[in-house]
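Trainee: I would like to learn how the terms for a protein structure are earned. Could we go through some of them together?

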Amino acid sequence: MSQNIRALSARRCRDQTLFEALLEAGRVTGAPSHSQLRALSEESLVSPAALLGAASFYDFLAEDNRNKRAYVCNGTACLLAGGQEKVRARLAAQFPDEQIGEAACLGHCYRGGAYRIGDRCFDTVVGPDSERGAGPAFHCHAAHSVFGGDGDEAEVLYRRISETASQLPVSFSDELSISGLRGRGGAGFPFSGKFDACRSAPVGRKYVVCNGDEGDPGAFSDRWLLEERPQRVLAGMLAAGLAMGSDTGFLYVRAEYPLAQKRVAEAIEAFEQMPAFAQTGFRFRLIPGAGAYICGEETALLNSIEGLRPEVRTRPPYPAQAGLFGRPTLVSNVETFAALPWILDHGGAAFAALGTEASTGTKLVSLDQGFNNPGVHEVAMGTALERVIYGYGGGFRTAMKAVQVGGPLGGVVPVEKIAALSLDFESFAGEGFLLGHAGIVGIPQDFPMIGFLRHLFTFTADESCGKCLPCRLGTEKGRRMLMEATPGSPVDGAAFDDLLETLELGSLCGLGGGLPLPVRNILSRFRHELTDYFRSEAGHE
Ligand SMILES: Cc1cc2nc3c(=O)[nH]c(=O)nc-3n(C[C@H](O)[C@H](O)[C@H](O)COP(=O)(O)O)c2cc1C
Ligand code: SF4
């Protein structure tokens, strides 16, 4: 059935994708009405059930979002900072209870106390993020900054790209391969491999898709790039698109980042106003998200743009073979695309020289409100984690027992282990953790680990796409086991171990498959805190 919907959706995508039509239908009241869905069904020939199935998946289009006016952030950094109850109480003075919802995460982890009213996000310290300067601070600690500088104008970036355009297909591919650039969205897959697969795909429609979903609570570096360096991101997409023979670049920006959406729309306009850009025939499409963590997973993201229910697809085929609307598609992260203009300018070897042999270049690291110097820090890959945390980050504001690195599916690193790690893919994997997108959140000494485990399972149970059984049932089962656990009625450790193994081996994607990693980190390294909650030992690594 999804093939048919995909074909119908592709037919109408020139002016407005099916997903954008759903967003428009839900814009005023917060959820499309049944009559709107019927009308859209008649026009698109997609059944109302399929449209309702898609719309109801999203936090900001589902029926219980109707008439919501304000949202309290329930992301990890805001949870650990405390104070969200106060935020809720403050909002309750302004809005009736049924108009207040929850959102994860608004990307204000560097301050905490985040909330959203209408199209503006706030945090308890500064206020609306549409005021300049209210975003995260940016610091570069590398020998050269790949993302710093002045942000660059569209014309400057376009000129640089067009000057090398005639040689792009050949030279760009070489430079990419020499640069060793690996995807910054979490998995660290070599960019040149995906790019070459798309470039060498048979001539015909191909797409570039930039993944701006940044759903990991604790990460806000993509938000910073989209707000402060949107033209770099677009220039990277354009360069890759022209070099692989694509004429359309989709940029998917999550709903929780309204200011980023606005800045990207302005940056697209700046490109479109250049006659030279218009002559390329390349077109940018900004697709605003609607609140679903799984849309950061690349195949769910493609389904989302198509207007299907954003469930993860089985692979193969990979997006480079059959991606958006079934066409070869290059899907990459915001930071990955934003690195391309620098590589074009300085060459692949200069980029490779900035990091380690296997993890080249620099990485943007998000440090949350638990640090004395929070914000976005650009560091050379391979930098000692100790230096990042205690040097660049200024150490912790309060006593911490661990740091969560790489979001809810990343690792939980006890503070005594920090000295053993450097900030690169290999070091983290070698020690049983995950670098992921490199958002770092401090876990305070007095925050109970049982509470942190409950938070991880609640998040994944809420965000599971439901496509595969181990994750759909397993995350909810684990959540219940942990919620009901008390010293008088502890969890059966052997049953919990079985659950983790089933999630790890049986899940289709990294959501269900990745959850056991931080859970086992916690069970093995903070066992002393958890003995009352588990009847027998659980979580052997
Ligand atoms: C559950 C889940 C969530 C993900 N969320 C994101 C995300 O928010 N942003 C992102 O770029 N990649 C995310 N990814 C990784 C993407 O699937 C994909 O690997 C990435 O967009 C590819 O870009 P890259 O090669 O530049 O990293 C997620 C993966 C999983 C399994
Ligand atoms: S692991 Fe979870 S999120 Fe991933 S495909 Fe299965 S149900 Fe969906």
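Mentor: Gladly! Let us begin with two terms: a cavity is a set of grid points where a 1.4 Å probe fits but cannot get out, and a molecule sits in a cavity if more than half of its atoms lie within 2 Å of its grid points. Keep in mind that this is a predicted model.

Trainee: Then what makes you say that ligand 2 sits in a cavity?

Mentor: Ligand 2 is placed in the second largest cavity. By the rule, more than half of the atoms of ligand 2 therefore lie within 2 Å of the grid points of that cavity.

Trainee: Which residues come nearest to ligand 2?

Mentor: They are Cys 465, Gly 466, Cys 468, Cys 471 and Cys 509, out of 13 residues around the ligand. To be counted, a residue needs a heavy atom within 4 Å.

Trainee: How do the residues of the shell around ligand 2 divide into nonpolar, polar and charged?

Mentor: There are 8 nonpolar, 4 polar and 1 charged. Cysteine counts as nonpolar and glycine as polar.

Trainee: Now the sheets. Why are strand S8 and strand S9 said to stand at the edges?

Mentor: The sheet is an open one of 4 strands, in the order S8-S7-S6-S9, with parallel pairing. Strand S8 (283–288) and strand S9 (329–333) each have a single partner strand, so one side of each has no neighbour in the sheet. The twist from one strand to the next averages 20°.

Trainee: How do you know that strand S7 and S8 pair?

Mentor: Pairing asks for at least two bridges. Strand S7 (residues 248–253) and S8 have 6 bridges, in the parallel sense, so they pass the test. Along them, Gly 249 stands opposite Phe 284 in S8.

Trainee: Which helices lie across S7 and S8?

Mentor: Helix H2 (residues 18–26) does, running at about 45° to S8. Helix H12 (residues 258–272) does too, at about 170° to S8. Angles run from 0 to 180 degrees between N-to-C directions, so a value of about 170° tells you that H12 and S8 point in nearly opposite directions.

Trainee: What is the strand order in the sheet with mixed pairing?

Mentor: That open sheet of 4 strands has the order S2-S1-S3-S4. Strand S2 (100–103) and strand S4 (120–122) are its edge strands, each pairing on one side only. Strand S3 (residues 115–117) and S4 run antiparallel and are joined by 3 bridges, so the rule of at least two is met here as well. Ile 117 stands opposite Arg 120 in S4.

Trainee: Last, what makes the bond from Arg 315 to Pro 316 worth a remark?

Mentor: Most peptide bonds are trans. This one is cis, with omega near -5°. A cis bond also joins Pro 316 and Pro 317, where omega is about 5°. Pro 316 is in the loop between helix H14 (298–306) and S9.

Trainee: And what is the phi of Leu 45?

Mentor: Leu 45 has a positive phi of about 70°, although it is not a glycine. Most residues other than glycine have a negative phi. Leu 45 is in the loop between helix H3 (34–44) and helix H4 (48–55).

How values were computed: Residues are numbered from 1 along each chain as its sequence is written. Chains are lettered from A and ligands numbered from 1 in the order in which they are written. This is a predicted model: local features need pLDDT of at least 70, side-chain atom pairs count only at pLDDT 80 or more; totals for chains, interfaces and linings use all residues. Side-chain values use heavy atoms; hydrogens and water are left out. On a 1 Å grid over the protein atoms alone, a cavity is a set of points where a 1.4 Å probe fits but cannot get out, and a pocket is an open set with protein on both sides within 12 Å along at least five of seven lines; lining residues have an atom within 4 Å of a point. Contact means heavy atoms within 4.5 Å.
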